Amino acid sequence: MSVQDHTPLSDYLRKRHSVTKLVVHLIFTTKYRRKLFDGYMIGQLREAFESACEKLECDLVEMDGEADHVHLLVSYPPKLAVSVLVNNLKSVSSRRVRILNTHIPRQSKSGALWSRSYFACSAGGATIETLREYVQSQATPD
């Protein structure tokens, strides 16, 4: 490991004019909350999400799930809207799971695996209260 690996900004995304660390917690539920997933399918979903993240220049920090929903922590670049990220992750994973698991019954006429809704929450290292105190502690010039 080099000295740069220990700098406070080593896990931040560094671009020409910005330094960012944007992480979002996502939850996707199956259509009609049907209990479809087993451990093997969760692994298939993880591979699909990793593949989609790679194409979008994102990083899948963590992923796990239960029979009817999955949780993801994704680090993403500032140029990417969360809604675009969600649409890509859902479409790629749905397609891959349907191809690999032909036994999954269609949940609707459209054949959608995921519900149209999703949960997204920014995931930072500090609480809102901590950030509020930091901002308020700045020395306002006279």
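What share of the 142 residues in the protein is buried? In this predicted model, buried residues make up 33% of the chain's 142 residues. The protein exposes about 9,800 Å². Carbon and sulfur atoms supply 52% of that area.

The fold contains 3 helices and 6 strands. Read from the N terminus, the order of elements is β-β-β-α-β-β-α-β-α. Contacts in the protein were also sorted by sequence separation. Among those between residues at least 6 apart in sequence, 65% join residues at least 24 apart.

Pairing between strands was examined next. S3 and S5 pair in the antiparallel sense, over 8 bridges. Within this pairing, Thr29 has His69 of S5 as its bridge partner. S4 and S5 also run antiparallel, and 6 bridges join them. Here Met63 stands opposite Leu72, a residue of S5. A hairpin is formed by S4 and S5, with 3 residues between the two strands. Strand S5 thus appears in both pairings, with S3 and with S4.

In soluble globular proteins, nonpolar side chains tend to be buried together. The largest nonpolar core of this model has 27 residues. Phe49, Val70, Leu72, Val74, Leu85 and Leu89 have the most contacts inside it. Several elements contribute to this core. At least two residues each come from strand S3 (22–30), helix H1 (39–55), strand S4 (59–65), strand S5 (69–76) and helix H2 (82–100). H1 supplies the largest share, 6 residues.

Phe49 illustrates the packing. Residues up to four places away in sequence set aside, Phe49 touches Phe28, Leu60, Met63, Val70, Leu72, Leu89, Ser93 and Trp114. Three of these names recur among the residues with the most contacts inside the core: Val70, Leu72 and Leu89. Met63, another residue touched by Phe49, is the one that stands opposite Leu72 in S5.

Helix H2 was then considered in terms of length and burial. At 1.5 Å a residue, its 19 residues should span 27 Å. The C-alpha atoms at its ends are 27 Å apart, so the expected and computed spans agree. The buried residues of H2 are Leu85, Val86, Leu89, Lys90, Ser93, Ser94, Val97 and Arg98. Viewed down the helix axis, these residues fall within an arc of 165°, so they line one face of H2. The cover over them includes S3, H1, S5 and strand S6 (114–122). On the face turned away from the buried side, H2 carries the exposed residues Asn87, Arg95 and Ile99. Two of the buried residues in H2, Leu85 and Leu89, are also among those with the most contacts inside the largest nonpolar core. Ser93, buried in H2, is touched by Phe49.

Two further residues were inspected individually. Glu50 lies in helix H1. Its relative accessible area is 40%, so Glu50 is partly exposed, between the cut-offs of 20% and 50%. Glu50 and Val61 are 11 residues apart in sequence. Their C-alpha atoms are 9.4 Å apart in space.

Thr20 lies in strand S2, which covers residues 19–20. Its relative accessibility is 16%, so Thr20 counts as buried, under the 20% cut-off. Neighbours within four places in sequence left aside, Thr20 is in contact with Tyr12, Leu13 and Pro78.

Note on methods:
Residues are numbered from 1 along each chain as its sequence is written. This is a predicted model: local features need pLDDT of at least 70, side-chain atom pairs count only at pLDDT 80 or more; totals for chains, interfaces and linings use all residues. Side-chain values use heavy atoms; hydrogens and water are left out. Helices (H or I, at least four residues) and strands (E, at least two) are DSSP runs, numbered from the N terminus. Buried means under 20% relative accessible area, exposed over 50%, partly exposed in between (1.4 Å probe, protein chains only). Contact means heavy atoms within 4.5 Å. Accessible areas come from the Shrake-Rupley method with a 1.4 Å probe; for residues, only the protein chains shown count as cover. A nonpolar core is a set of buried Ala, Val, Leu, Ile, Met, Phe, Trp, Tyr and Cys residues joined through side-chain atoms within 4.5 Å. The expected span of a helix is 1.5 Å times one less than its number of residues. The arc is that of the directions from the helix axis to the C-beta atoms. Two strands pair if DSSP finds at least two bridges between them.
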